[in-house]
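Me: I have a model open and want to go through it piece by piece. Can you take questions as I go?
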Amino acid sequence: MRLTPGPARDVDLAGVDLFDLDLYATGDPHPVWDAMRERAPLHHQVLPDGREFWSVTRYEDVRRVLSDHRAFTSERGTVPTHLGTDDPAAGVLMTSTDPPRHTEVRRPLGSRLTARAVQVWEDRIRATVVRFLEPALDGAVFDLAEQALLLPALVTGPLLGIPEKDWEELVRLTAMVTAPSDPHFRLGSEAATLAISHHELLTYVRDWATAHRASGAEDESLLHHLTSVRPGGAPLSDEEIALDGYSILLGANVTTPHTVSGTVLALMERPEQYRKAAADPTLVPNLVEEGLRWTSAACNFMRYAVDDADIAGGTVPAGGAVVAWIGSGNRDASVFPDPHAFDITRAGAKRHGAFGFGPHFCIGAPLARMTLRVFFEELLARFESLEPAGEPEHLRSYFIAGMTHLPLVGEKRRTP
């Protein structure tokens, strides 16, 4: 998906297909979202197979849908790839569960992922990032998007308690879940890709949970911590651990690599912004927030209206699916002036919704923020400049905004 919009153009909203994968792989959804925010902030679409959904694109409406679980439930599914089929794990899988159960499972995990708790990982993350960047220092072409897919596993694998030998395969499986139509990850049909990846990921965590319980081992890993979670006073079953572990793996692996590559592309397109950040490292935290806003890697989430819901000047009927377009809300000019400008000094960049809102706000946000900050500190310290070495290739997905290829060449910074 293009992150820098092309020229303004007229958009016929009656003919818009928000599930058109070409719109994201080779097209430009931003003019469409711009028109929707202005003229159809509540947009209704019926797919050829009869499935239907409503879309909200303004920042405040996106925030309301994702924040108000009493009006917009997560317990029928939360991603548009599942539209039309209720999530069989509803009420168990953490991402498809509303409070109070969601809170009971999330709270003890969240205590391990606060900004203070993850601070002890900074030195290890920095060493990981330095090793990650080393191959680009020799001036050869480095495909950042392709290599960055593994970066979250390098960072979070030990935290989760996953053996290094399994990282690459788990990254591939999580990519299959979130972009089942992309030719880099598809195995047969989209449905087959989803079925295979769901089965293998769940089997992996289920087998881990069974073996872990049998061994009686104690460690500080996040997956081990799941074994001590007791929503309603009862421990999670191995199946519940498998589902929640699956959810954690997806969250850990999916968005950070695309935020990295999308932000680096924005900096290559605007070398003056790169030079500004390199000259003033105190700008890096705001660069991270602007990069999160700009890329909006998880560009939407879905909810279902519990009752008839009045929103954005219209009404979603009870049971209607609502897609909240985070990528659009993060370009809402009423919240982010000149929203299609990438500006690392932007005031208020941190208001973005890249981590979601409400009960399902990304549990790993502090770790992601720290990883991104460390990545850009080390990148800016090591490279005088970055230049594209080919055209970026965008992910074929209407759920995840990202890239599969971003070839670049870096000029190593000279030491004094």
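Me: Which residue in the turn between E1 and E2 has a positive phi?
Reply: Gly50, with a phi of about 95°. This is a predicted model, so take the values as computed from it. E1 and E2 make a hairpin, and five residues lie between the two strands.

Me: How many bridges join E1 to E2?
Reply: Five, and the strands, residues 42-46 and 52-56, run antiparallel. One example of facing residues is Gln45, which is opposite Phe53 in E2.

Me: What is the strand order in the open sheet of three strands?
Reply: E4-E12-E9, with antiparallel pairing. E4 and E9 are the edge strands with a single partner each, so one side of each has no neighbour in the sheet.

Me: How many bridges join E4 to E12, and how many join E9 to E12?
Reply: Two bridges join E4 (residues 142-143) to E12 (residues 407-412). Five join E9 (residues 383-388) to E12.

Me: Which residue of E12 does Phe142 stand opposite?
Reply: Leu408. Leu408 is also the bridge partner of Pro388. Elsewhere in E12, Val409 is opposite Glu387.

Me: Switching to cavities. How many of 30 Å³ or more turn up?
Reply: Five, in a search of the whole structure. The largest holds about 90 Å³ of space, and the second largest about 70 Å³.

Me: What lines the largest one?
Reply: There are 13 lining residues, and Leu149, Ala175, Thr178, Val254 and His258 are nearest the centre. Helices H9 (167-178), H12 and H13 (256-269) are the elements that give two or more residues to that lining. H9 gives the most, with four. By type, the lining of the largest cavity has nine nonpolar residues, four polar and no charged.

Me: And which residues line the second largest cavity?
Reply: Among them are Phe142 and Leu408, which stand opposite each other in the E4 and E12 pairing. Others include Leu133, Val264, Phe375 and Leu386. H17 (365-382) and E9 each supply at least two of the residues. The lining of the second largest cavity counts 10 nonpolar residues, no polar and no charged.

Me: Phe142 and Phe375 again. Which aromatic cluster are they in?
Reply: They form one cluster with Phe132 and Phe376.

Me: How many aromatic pairs are there?
Reply: The count comes to 12. One of them is Phe19 with Tyr398, which is stacked at 4.4 Å centre to centre and 5° between the planes. Phe19 is in the segment before H1 (21-25) and Tyr398 in the loop between E10 (393-394) and E11 (403-405), so to speak distant parts of the chain, 379 residues apart.

Me: Are Phe19 and Tyr398 buried or exposed?
Reply: Both are buried. Another pair is Tyr59 with Phe357, which is edge-to-face, at 5.6 Å centre to centre and 85° between the planes. That pair also links distant parts of the chain: Tyr59 is in H3 (residues 59-67), and Phe357 is in the loop between H16 (326-329) and H17, 298 residues apart.

Me: Why do Tyr59 and Phe357 count as buried?
Reply: Buried means under 20% relative accessible area. Tyr59 is at 3%, so it counts as buried, and Phe357 at 12% does too.

Me: Back to H12. How many of its residues are buried?
Reply: 14 of the 17, so H12 is largely enclosed by the rest of the structure. The helix covers residues 238-254 and reaches 24 Å from its first C-alpha to its last, close to the 24 Å expected.

Definitions and conventions: Residues numbered from 1 in each chain as written. Predicted model: local features only at pLDDT ≥ 70, side-chain atom pairs only at ≥ 80, totals over all residues. Heavy atoms only, no water. Expected span 1.5 Å × (residues − 1). Buried < 20%, exposed > 50% of the residue type's maximum accessible area, 1.4 Å probe, protein only. Pairing = 2+ DSSP bridges. 1 Å grid on protein atoms, 1.4 Å probe; cavity = no way out; pocket = protein on both sides within 12 Å on 5 of 7 lines; lining within 4 Å. Points joined across faces, edges and corners; volume = space filled by probe spheres on them. Nonpolar A, V, L, I, M, F, W, Y, C, P; charged D, E, K, R; others polar. Phe/Tyr/Trp six-rings, centres within 6.5 Å; stacked < 30°, edge-to-face > 60°.
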